[in-house]
Amino acid sequence: IVIKSGTTTMLTGSGTNATFNNNLTVENNLTVSVNTTIGGTLGVVGHTSLSTLGVSGDVGVGGNLSVTGTTELDSTLGVDGNFRVGVNKFNVVAASGNTQIDGTLEVDGTAGVDGNFRVGADKFNVTAASGNTQIDGTLEVDGTGGIDGNFRVGNNKFNVTATSGNTQIDGTLDVDGNFEVGATKFNVTA
């Protein structure tokens, strides 16, 4: 089959195949039930619905990309701009790497923090360079507490020197049990 407009061939058909030699304009619905190969650019002006889209090359999206279903990536996801989950529930600022999390952060493996560490408004602080730790609240230890350096309570109210064990107490010392100084130098039995 050959269809011409004047001397210009518009359509040629051979068996079940048809070839358009010029532009094709469809002013109503177009249904294609088999595989379709487009050698050039596919330009779509309006809305397009696809049940399955397979792309083997690069895809450039000039506008917004909206996905209502699950998105699975088998390789690396590179995000050059800011990254956001929910309405400001999880945010990563691209320029600085600053990360803000509104919910709970659970870590099953090792968590390494190379910079300073802070909880609350200066309630718990660890300085990365020195390891100095400042706690505004109560510290409860259920196991053994080992202190290799000097130990101080208050403004020099109770001091233990690590190298000698010398202990200085400014307040009252209450002892409910026996009290012994030296082997037999001074003994008080409770």
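The following dialogue examines how several labels applied to this predicted model are justified.

Biologist: What makes Leu50 exposed?

Modeller: The relative accessible area of Leu50 is 53%. Exposed residues have over 50%, so Leu50 is classed as exposed. Leu50 is found in the loop between β3 (17-20) and β4 (83-85).

Biologist: Which residues form the nonpolar patch on the surface together with Leu50?

Modeller: Besides Leu50, the patch holds Leu53, Val55, Val59, Val61, Leu65 and Val67, and its accessible area is about 710 Å² in total. Patch members must have over 30% relative accessible area, and the 53% of Leu50 satisfies that condition.

Biologist: How do you know that β1 and β2 are paired?

Modeller: Two strands pair if there are at least two bridges between them. Strand β1 (residues 2-5) is joined to β2 by four bridges, so the requirement is met, and the two run antiparallel. Within this pairing, Thr8 in β2 is the bridge partner of Ser5. The two strands form a hairpin with two residues between them, and Gly6 in the turn has a positive phi of about 70 degrees.

Biologist: What makes β2 and β3 a pair as well?

Modeller: Four bridges link strand β2 (residues 8-14) with β3 in the antiparallel sense. Since at least two bridges are needed, the pairing holds. Thr12 stands opposite Thr19 in β3, and Leu11 stands opposite Phe20 in β3. A hairpin is formed here too, with two residues between the strands; Gly15 in its turn has a positive phi of about 65 degrees.

Biologist: Which strands stand at the edges of the sheet β10-β11-β12, and why?

Modeller: This open sheet has three strands in the order β10-β11-β12, with antiparallel pairing. β10 (151-153) and β12 (167-169) each have a single partner strand, so one side of each is left without a neighbour in the sheet. The twist from one strand to the next averages 0 degrees.

Biologist: How do you know that β10 pairs with β11?

Modeller: Three bridges join β10 to strand β11 (residues 158-160). The definition asks for at least two, so the two strands count as a pair, and they run antiparallel. Across this pairing, Arg152 stands opposite Asn159 in β11.

Biologist: Why is Asn159 called buried?

Modeller: Asn159, in strand β11, has a relative accessible area of 15%. Buried means under 20%, so Asn159 belongs to that class.

Biologist: What makes the approach of Asn159 to Gln168 a polar contact?

Modeller: The side chains of Asn159 and Gln168 are joined at 2.4 Å. A polar contact lies within 3.5 Å, so this distance meets the cut-off. The side chain of Asn159 also reaches the backbone oxygen of Asn156, at 3.3 Å.

Biologist: Why is Asn156 called partly exposed?

Modeller: Its relative accessibility is 39%. Under 20% would be buried and over 50% exposed, so Asn156 falls in the class between. Asn156 lies in the loop between β10 and β11. Its phi is near 60 degrees, a positive value in a residue other than glycine.

Biologist: What makes Asp122 partly exposed?

Modeller: Asp122 has 45% relative accessibility. The exposed class requires over 50% and the buried class under 20%, so Asp122 is partly exposed. The residue lies in the loop between β7 (117-119) and β8 (124-126). Although it is not a glycine, Asp122 has a positive phi of about 60 degrees.

Biologist: Why is Asp174 called exposed?

Modeller: The relative accessible area of Asp174 is 67%; the class begins over 50%, so the term applies to Asp174. Asp174 is found in the loop between β12 and β13 (179-181). The C-alpha atoms of Asp174 and Gly145 are separated by 22 Å, with the two residues 29 apart along the chain.

Biologist: What makes β4 and β6 the edge strands of their sheet?

Modeller: Three strands, in the order β4-β5-β6, form this open sheet with antiparallel pairing. β4 and β6 (99-101) each pair on one side only. Strand β5 (residues 90-92) is paired with β6 over three bridges in the antiparallel sense, and Gln100 in β6 is the bridge partner of Asn91.

Note on methods. Residues numbered from 1 in each chain as written. Predicted model: local features only at pLDDT ≥ 70, side-chain atom pairs only at ≥ 80, totals over all residues. Heavy atoms only, no water. Patch = residues over 30% accessible without salt bridge, like charges linked within 9 Å, V, L, I, M, F, W, Y side chains within 5 Å. Areas by Shrake-Rupley, 256 points an atom, 1.4 Å probe, with all protein chains shown as cover. Salt bridge = Lys/Arg side-chain N within 4 Å of Asp/Glu carboxyl O. Buried < 20%, exposed > 50% of the residue type's maximum accessible area, 1.4 Å probe, protein only. Axes fitted to C-alpha atoms, helices over the stretch in contact; angles between N-to-C directions. Polar contact = N/O pair within 3.5 Å; in protein donor to acceptor, adjacent residues only side chain to side chain.
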